[in-house]
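Me: I should like a close look at a single part of this model, namely one pair of packed helices and the way they cross. Please set the pair in the context of its surroundings as well.

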Amino acid sequence: MTAPIETTGAEAGAQPEAVLSGIEKSKIEGRSLGQIAWSRFKKDKVAVVGGVIVILLILLAILSRPLQALFGLDPNALNQDLIDPNTSLPKGDFGGMSWEHPLGVEPKFGRDIATRILEGSWVSLVVAFGATLLSNTIGAILGVVAGYYGGRVDTIISRLMDTFLAFPLLLFAIAISATLQGGAFGLEGLPLHISVLIFIIGFFNWPYLGRIVRGQTLALREREFVDASRGMGAKGPYILFRELLPNLVGPIIVYSTLLIPTNILFEASLSFLGVGIQPPQASWGGMLNQAVDFYEVDPQFMIVPGLAIFVTVLAFNLLGDGLRDALDPRSR
């Protein structure tokens with residue numbers, strides 16, 4: 001028999017060699033999926049810049065009317081004294097830029113461009129966010145139902161998606177918007193125009209998200225947590241809205257940040273064609289429409305709203321790319 005090894009008091013209290021010096025002073029904590037995604041997102045400086053610009057744009061749109069009231073700004077105020085009566089162009093260089101009108105004034109009417117850009121910001125974002133919310137709601141619900149139940153339900157919803165995707169959306173939007181210009185559903189004027197744009201853009205864009213959600217659901221419905229819910233007696237609606245949809249939040253958020261700039265462009269296109277937001281209400285697309293007749297002699301009038309659309313769309317796209325990489329590292 002081997003004699004037992006005796007240890008001294010100092011050896012008994014000594015730490016194992018594998019324990020690094022100072023490790024007992026730091027507490028190791030697990031990180032949630034949100035914290036992991038945030039740490040990845042912070043490393044993408046371009047996406048962070050895009051996110052900051054998006055936040056500033058949203059704040060600018062929310063505070064548009066209060067800022068106008070605070071500083072006494074009127075997007076429809078005419079400044080005929082700033083317009084040359086012989087040419088209908090702003091007096092001075094660079095479209096009449098001055099301390100009072102830092103972005104110049106419109107030809108012919110003399111309205112302040114900066115104030116109209118500020119006024120048009122909330123219109124574009126309200127239409128874009130409203131249409132995105134509508135299309136995401138329809139697409140997420142129908143997509144998860146098609147992917148989970150499969151069979152005949154999947155076939156019907158998939159064919160419905162194909163039908164909506166076959167619509168010539170731009171021509172359809174022009175026809176509906178032109179028909180409802182006077183008044184409908186108890187609405188008229190700006191509320192009617194915004195509601196019609198949100199419905200047209202949102203209702204006919206849901207199949208894109210629907211296909212994404214359906215594909216993700218096909219993979220998730222075979223996972224262990226879904227089988228466990230079935231084994232515990234959970235019914236279909238519970239599994240859809242309590243198990244599957246929460247696991248699809250990431251793709252939905254990413255797609256939303258990429259769909260919003262598309263909707264901004266679509267709204268600007270309809271306003272540019274004269275069937276979207278109607279003057280004198282300021283909109284970025286409408287300003288571009290008015291600038292067509294003056295872009296050769298007053299390019300400032302076209303550059304400013306064009307840059308507003310460009311910066312907004314670029315910021316949302318950069319934010320969307322960063323969120324996609326943060327929420328799904330495999331996409332890199």
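Reply: Helix α12 passes helix α13 in a right-handed crossing in this predicted model. The residues that make the contact are Ala268, Ser271 and Phe272 on the α12 side, and Gly285, Gly286, Leu288 and Asn289 on the α13 side. By character, this set divides into three nonpolar residues, four polar ones and no charged residue.

Two packed helices are described by the angle between their axes and the distance between the axes. Here, the axes of α12, and of α13 with its residues 284-291, come within 7 Å of each other, and they cross at roughly 40 degrees. An angle of 35 degrees or more is no longer counted as roughly parallel, and roughly perpendicular begins at 65; α12 and α13 are therefore oblique to each other.

Helix α12 itself comprises residues 249-272, with serine 256 among them. With a relative accessible area of 13%, serine 256 lies below the 20% limit and is therefore buried. Leaving out residues up to four places away in sequence, serine 256 touches Thr132 and Asn136. With asparagine 136, the link also takes the form of a polar contact: the two side chains are joined at 2.3 Å.

A further residue worth examining is leucine 220, which belongs to helix α9, spanning residues 206-220. Its relative accessible area is 11%, again under 20%, so leucine 220 is buried. Apart from neighbours within four places in sequence, leucine 220 is in contact with Phe225, Val226, Leu244, Asn247 and Leu248. For one of these partners, leucine 244, the separation from leucine 220 is 24 residues along the sequence, while their C-alpha atoms lie 7.1 Å apart in space.

These details belong to a protein chain with 14 helices and zero strands. Read from the N terminus, each element in the order is accordingly an α. The chain has 332 residues, of which 41% count as buried. As for contacts between residues at least 6 apart in sequence, 72% of them join residues at least 24 apart.

To return to the pair in question, α12 and α13 cross obliquely and in a right-handed sense, with Ala268, Ser271 and Phe272 of α12 meeting Gly285, Gly286, Leu288 and Asn289 of α13.

Notes:
Residues are numbered from 1 along each chain as its sequence is written. This is a predicted model: local features need pLDDT of at least 70, side-chain atom pairs count only at pLDDT 80 or more; totals for chains, interfaces and linings use all residues. Side-chain values use heavy atoms; hydrogens and water are left out. Helices (H or I, at least four residues) and strands (E, at least two) are DSSP runs, numbered from the N terminus. Buried means under 20% relative accessible area, exposed over 50%, partly exposed in between (1.4 Å probe, protein chains only). A polar contact is a pair of N or O atoms within 3.5 Å; within protein, one must be able to donate a hydrogen and the other to accept it, and residues adjacent in sequence count only if both atoms are side-chain atoms. Contact means heavy atoms within 4.5 Å. Axes are lines fitted to C-alpha atoms, for helices over the stretch in contact, and angles run from 0 to 180 degrees between N-to-C directions. Angles under 35 degrees count as roughly parallel, over 145 as roughly antiparallel, 65 to 115 as roughly perpendicular and the rest as oblique. A crossing is left-handed if the near helix is turned anticlockwise from the far one by less than a right angle, and right-handed if clockwise. Ala, Val, Leu, Ile, Met, Phe, Trp, Tyr, Cys and Pro count as nonpolar, Asp, Glu, Lys and Arg as charged, and the others, Gly among them, as polar.
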